[in-house]
Amino acid sequence: MKPLIDKHQRTHNYLRISLTEKCNLRCTYCMPAEGIPLMPAAHLMSANEIFEIASHFVKRGVDKIRLTGGEPTVRKDFNQIIERLSSLPVKLALTTNGLTIHRHIDVLKKANVDVINISIDSLDREKFKKITLRDKYEQLEENMNLLDAQGFRLKLNVVLLKGINDDEIIPFINLSKDRNWQIRFIEFMPFDGNNWDRSKTVSLEAILKTAESHYGSTQIERLKDAANDTAKNYKVEGFTGSFAIISTVTNPFCDSCNRLRLTADGKLKNCLFSSGEYDLLSSLRNGESFDREIDIALSNKFAARAGLDDPNAFNNPENHKDNRSMIAIGG
Ligand code: SAM
Ligand code: SF4
């Protein structure tokens with residue numbers, strides 16, 4: 001079957017599937033304060049439909065699938081979805097806020113999900129509550145220790161917000177001292193309803209400067225990034241784990257983009273920042289092929305950030321209003 005190559009000659013082998021728009025947290029940078037209108041359940045992909053669409057992408061060359069959301073683990077059929085997808089020849093990955101992950105340890109092990117991306121934006125209970133609007137820090141801490149003890153490798157996603165948690169860069173990096181964890185600092189990105197403005201984003205440069213002034217610039221080693229890695233990887237000399245910076249705002253990495261995104265209602269998005277959507281689920285339900293939609297999505301994919309490659313255009317929040325909120329895209 002035809003590989004997933006766009007007109008900029010990028011091959012797409014990585015599919016991120018959002019399982020739900022629901023979440024048990026209310027992170028202020030992700031979900032609008034007023035919430036989002038939830039879609040009727042019938043509009044969402046069933047476990048079977050997820051499997052059918054994913055299988056088709058695998059035939060077209062996808063070899064990595066990440067489950068995300070909303071919070072993927074709040075779906076009642078989460079275990080069933082994992083079990084079915086694990087029968088495909090893909091590397092399965094998961095991004096979760098970790099609050100209910102203790103219920104899924106066995107199924108994740110059986111599916112060979114050995115690395116788990118956990119989102120945690122503060123190591124301080126009060127600040128965690130302020131960012132997520134829920135008092136759940138202790139549950140998350142307990143679950144991170146459980147995953148660690150069960151042999152999973154953790155990657156911690158930290159969205160840095162200026163003046164809120166950017167004083168925690170060093171405490172987060174210190175978590176990688178004795179454990180093989182990767183701390184991933186993510187630049188705060190603009191989406192509909194998240195009150196983004198450029199001044200709230202903590203840049204790659206600022207994060208590195210903080211690390212260098214604390215540990216000494218000769219103590220920070222630049223690691224080799226994996227192919228198609230969105231993160232720039234570093235390590236503090238002598239630490240077991242590493243840290244990384246995902247600089248979508250200040251240093252985008254679109255040249256090597258290999259990702260496509262499927263929303264929980266079965267729409268394909270060719271870029272995080274594109275408001276364009278291609279309805280695969282309706283075609284599937286009508287008994288039709290959805291290859292045409294996939295091919296149009298690929299041919300419409302811009303070289304960089306959905307055509308907002310000029311920083312002035314990207315930095316204008318007005319240009320992100322037609323896109324979904326992050327919670328409804330699946331980060
Ligand atoms: N609920 C899961 C979680 O929090 O890990 C999965 C979905 S969440 C949308 C996926 C990732 O997107 C999380 O690491 C989250 O921190 C990140 N994210 C959400 N909104 C963001 C924003 N505006 N800028 C940067 N990252 C964001
Ligand atoms: Fe929920 Fe994840 Fe968004 Fe937080 S970042 S509101 S945990 S989907």
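Which residues are around ligand 2? They are C23, L25, C27, Y29, C30, G70 and N97. This report works outward from the ligands to the cavity and the sheet. The model is predicted.

## Around ligand 2

The shell of ligand 2 leans on one class. Five of its residues are nonpolar and two are polar. No charged residue is found there.

Two names in this shell return below. Y29 and G70 are around ligand 2, and both are also among the residues that come nearest to ligand 1.

## Around ligand 1

Ligand 1 has 20 residues around it. Y29, G70, S119, N157 and M189 come nearest. By class, the shell divides into eight nonpolar, ten polar and two charged residues.

Where do strands feed this shell? Strands β3 (91–96), β5 (153–160) and β6 (182–187) each supply at least two of its residues.

## Polar contacts and burial of ligand 1

Nitrogen atoms of ligand 1 meet both backbone and side-chain partners. At Y29, a polar backbone atom is 3.0 Å from a nitrogen atom of the ligand. At E71, the partner is an N or O atom of the side chain, and the distance to a ligand nitrogen is 3.0 Å. At M189, a polar backbone atom lies 2.9 Å from a nitrogen atom of ligand 1.

How much of ligand 1 does the protein bury? Taken alone, the ligand exposes 540 Å². The protein buries 96% of that area.

## The cavity

A search of the whole structure finds one cavity of 30 Å³ or more. The largest cavity holds about 30 Å³ of space.

Its lining is made of L25, C27, N97, S119, D121, F128, T132 and L140. Four of these residues are nonpolar, three are polar and one is charged. Some names are familiar. L25, C27 and N97 line the cavity and are also around ligand 2. S119 is in the lining too, and it is one of the residues that come nearest to ligand 1.

## The sheet

Twelve strands form an open sheet with mixed pairing. Their order is β7-β8-β9-β6-β5-β4-β3-β2-β1-β10-β11-β12. β7 (220–222) and β12 (278–279) stand at the edges. Each has a single partner strand, so one side of each is left without a neighbour in the sheet.

What joins β12 to β11? Two bridges do, and the two strands run antiparallel. β11 spans residues 267–269. Within this pair, K267 has D279 of β12 as its bridge partner.

Notes
Residues are numbered from 1 along each chain as its sequence is written. Chains are lettered from A and ligands numbered from 1 in the order in which they are written. This is a predicted model: local features need pLDDT of at least 70, side-chain atom pairs count only at pLDDT 80 or more; totals for chains, interfaces and linings use all residues. Side-chain values use heavy atoms; hydrogens and water are left out. A residue is near a molecule or strand if one of its heavy atoms lies within 4 Å of it. A polar contact is a pair of N or O atoms within 3.5 Å; within protein, one must be able to donate a hydrogen and the other to accept it, and residues adjacent in sequence count only if both atoms are side-chain atoms. Accessible areas come from the Shrake-Rupley method with a 1.4 Å probe; for residues, only the protein chains shown count as cover. Helices (H or I, at least four residues) and strands (E, at least two) are DSSP runs, numbered from the N terminus. Ala, Val, Leu, Ile, Met, Phe, Trp, Tyr, Cys and Pro count as nonpolar, Asp, Glu, Lys and Arg as charged, and the others, Gly among them, as polar. On a 1 Å grid over the protein atoms alone, a cavity is a set of points where a 1.4 Å probe fits but cannot get out, and a pocket is an open set with protein on both sides within 12 Å along at least five of seven lines; lining residues have an atom within 4 Å of a point. Grid points are joined across faces, edges and corners, and a volume is the space filled by probe spheres set on the points. Two strands pair if DSSP finds at least two bridges between them.
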